[in-house]
Amino acid sequence: MNLPCRLVKSALACALASACAMAHAATPANTGMHPVAAIQDTETPAQRDARMAWWRAARYGMFIHWGVYSVPAGVWHGKPVDGAGEWIMHDARIPVAEYKQLPAQFDPTQFDARTWVSLARAAGMKYIVITAKHHDGFAMFDSKANAFNIVDATPFKRDPLRALADEAKRQGIKFGVYYSQDQDWTAPGGAAIGGHWDKAQDGDFATYLHTKAIPQIKELLAKYHPAVLWFDTPTREMTPQLAAEIVKLLDRYPQLIWNNRLGGGYPGDTETPEQHIPPQGFPGKDWETCMTINDTWGYKSGDTNFKSTTVLLRNLVDIASKGGNYLLNVGPDSHGVIPAPEAQRLRVIGQWLAVNGESIYGTRPTPFADPHGSYSATRKDANGKPVWVPTWDWRATQRPGKVYIHLLEWPGTSFHLADATIHATGAYLLADPKHAPLKFTQHGTRLDVQLPARPLDPVDTVLVVTTGTRVSIPRQSRGL
Ligand code: GLC
């Protein structure tokens with residue numbers, strides 16, 4: 001029987017909301033409340049800046065949801081199942097014994113780490129985060145701690161995480177892993193949002209944590225040296241004491257970056273808005289919007305609702321203008337192939353970045369206060385709050401000496417800025433190989449730049465304004 005999708009989503013939203021509430025309650029300023037101090041509690045601001053430096057500069061990463069759920073691919077006993085592909089066991093109430101038969105059919109012989117990492121690089125992505133174990137409890141790595149894993153339980157018998165970690169290193173991009181520490185629907189005692197549906201799931205959460213999750217987290221850290229550990233869906237079962245046992249392990253890796261979804265009151269390093277871009281970003285915090293490229297994380301054969309490259313690229317630009325990262329998901333199929341429509345979109349974005357990457361990587365948020373949108377008077381979100389409706393006219397990013405104005409809608413033959421808190425010394429289009437100077441006038445905070453009649457790129461033509469003095473960032477401005 002299917003659980004109504006809305007119920008699953010709201011349960012999920014509650015779990016995430018409580019994780020966020022916990023995260024906000026615990027900041028480095030109130031260290032005393034953590035049973036074991038985490039790195040965020042003890043490092044200096046300068047140490048934190050150094051630890052986060054590569055991540056902040058990266059701006060764009062690849063999320064990969066891949067697991068044994070790619071075999072049913074959203075269909076169970078001939079019927080399509082609502083919800084995300086990786087939730088099929090939960091949403092179709094599949095008994096543990098039945099789900100455990102899936103690995104026998106999982107033989108992704110077309111998997112090739114070099115192809116995936118090359119795609120991430122061609123897309124302009126600077127890091128990868130792959131599901132090491134999702135809520136179904138199936139490990140996508142060679143785990144000695146638990147036999148329900150890709151090496152021991154499938155005809156494939158290979159460890160894709162090993163191959164990807166090695167290949168990422170070879171190709172010079174960062175490698176990270178996602179690990180579902182609370183929810184585990186096939187291990188006795190593992191949590192399940194909304195409750196268990198099979199007696200085989202009954203058990204003690206702490207025992208599950210001690211016999212499966214903690215040993216596997218240890219393995220991941222020791223064997224693959226991930227740059228990022230991405231936790232998910234903390235529940236009430238993750239008490240501060242239990243979370244502290246995990247933090248003890250994380251503390252051994254002083255360069256590690258981990259997100260705000262561990263639970264137990266630990267804020268982690270990064271805010272993780274899911275499927276949306278917060279209107280103001282998270283001023284003063286590191287944050288990363290994770291988003292699906294269609295409507296599912298894990299592969300679903302019937303989901304072809306792919307976002308256009310225009311939408312995806314503008315999301316990246318919008319996020320960068322607010323000081324965040326974009327972790328864009330792909331869902332490889334059971335053969336080990338990233339679906340062609342996903343790969344194709346990523347390549348197009350990569351082509352834009354190859355020309356315009358300077359306006360994204362290592363940049364700081366906009367120097368301007370323009371909100372580029374407004375709250376809807378009529379539409380409300382799941383929590384009853386007005387929905388933010390962005391406008392897609394332009395965005396800005398900056399680095400010392402340069403402001404990048406991303407023109408998403410071509411403004412005609414001139415671009416006019418009313419509150420230019422910059423002193424312009426020159427202007428050109430980033431995609432113009434000659435960087436031919438554009439005429440401009442500035443009177444006080446009024447800046448006018450003359451443009452050609454047509455954009456160089458209809459999705460985003462970047463106008464570079466060089467600035468004489470270091471760009472001043474107003475205090476109320478967004479970002480870090
Ligand atoms: C949610 C879902 C999960 C997905 C994740 C990505 O928490 O439970 O399936 O992995 O979001 O952010």
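## A tour of two helix pairs and a sheet

Begin with H6 and H8: Ala 113, Arg 114, Trp 116, Val 117, Ser 118 and Arg 121 of H6 touch Ala 163, Leu 164, Glu 167, Ala 168, Arg 170 and Gln 171 of H8. Colour these residues by type. You should find 6 nonpolar, 2 polar and 4 charged in the contact of H6 with H8. Keep in mind that this is a predicted model.

Now show both helices whole. H6 covers residues 113-122 and H8 covers residues 160-171. Their axes come within 9 Å and cross at roughly 45°. An angle from 35 to 65 degrees falls in the oblique range, so H6 and H8 are oblique to each other. The crossing of H6 and H8 is right-handed.

**Next stop: H11 and H12**

Select residues 309-321 for H11 and 340-356 for H12. The axes of H11 and H12 come within 9 Å, with a crossing of roughly 50°. H11 is therefore oblique to H12. The crossing of H11 and H12 is right-handed.

Which residues make the contact? From H11, pick Thr 309, Leu 312, Leu 313, Leu 316 and Val 317. From H12, pick Arg 345, Val 348, Ile 349, Trp 352 and Leu 353. Colour by type again: the contact of H11 with H12 divides into 8 nonpolar residues, 1 polar and 1 charged.

**Then the sheet**

Move on to the strands. Select S15, S18 and S17, which form an open sheet of 3 strands in the order S15-S18-S17. Pairing in this sheet is antiparallel. Which strands are at the edges? They are S15 (414-417) and S17 (440-443), each of which pairs on one side only. Look along the sheet for its twist, which averages 10° from one strand to the next.

Zoom in on S17 and S18. S18 spans residues 446-450, and 4 bridges join S17 to S18. These two strands run antiparallel. For one bridge, select His 443 and its partner in S18, Arg 446.

**Last: colour by confidence**

Switch the whole chain to pLDDT colouring. The mean pLDDT of the chain is 91, and 91% of its residues reach 70 or more. Where does pLDDT stay under 50? Select residues 1-30, where the model has 44 contacts beyond four places in sequence. Then select residues 470-480: pLDDT is below 50 there too. That stretch has 32 contacts in the model beyond near neighbours in sequence.

How values were computed:
Residues are numbered from 1 along each chain as its sequence is written. This is a predicted model: local features need pLDDT of at least 70, side-chain atom pairs count only at pLDDT 80 or more; totals for chains, interfaces and linings use all residues. Side-chain values use heavy atoms; hydrogens and water are left out. Axes are lines fitted to C-alpha atoms, for helices over the stretch in contact, and angles run from 0 to 180 degrees between N-to-C directions. Helices (H or I, at least four residues) and strands (E, at least two) are DSSP runs, numbered from the N terminus. Angles under 35 degrees count as roughly parallel, over 145 as roughly antiparallel, 65 to 115 as roughly perpendicular and the rest as oblique. A crossing is left-handed if the near helix is turned anticlockwise from the far one by less than a right angle, and right-handed if clockwise. Contact means heavy atoms within 4.5 Å. Ala, Val, Leu, Ile, Met, Phe, Trp, Tyr, Cys and Pro count as nonpolar, Asp, Glu, Lys and Arg as charged, and the others, Gly among them, as polar. pLDDT is the predictor's confidence in each residue, from 0 to 100. Two strands pair if DSSP finds at least two bridges between them.
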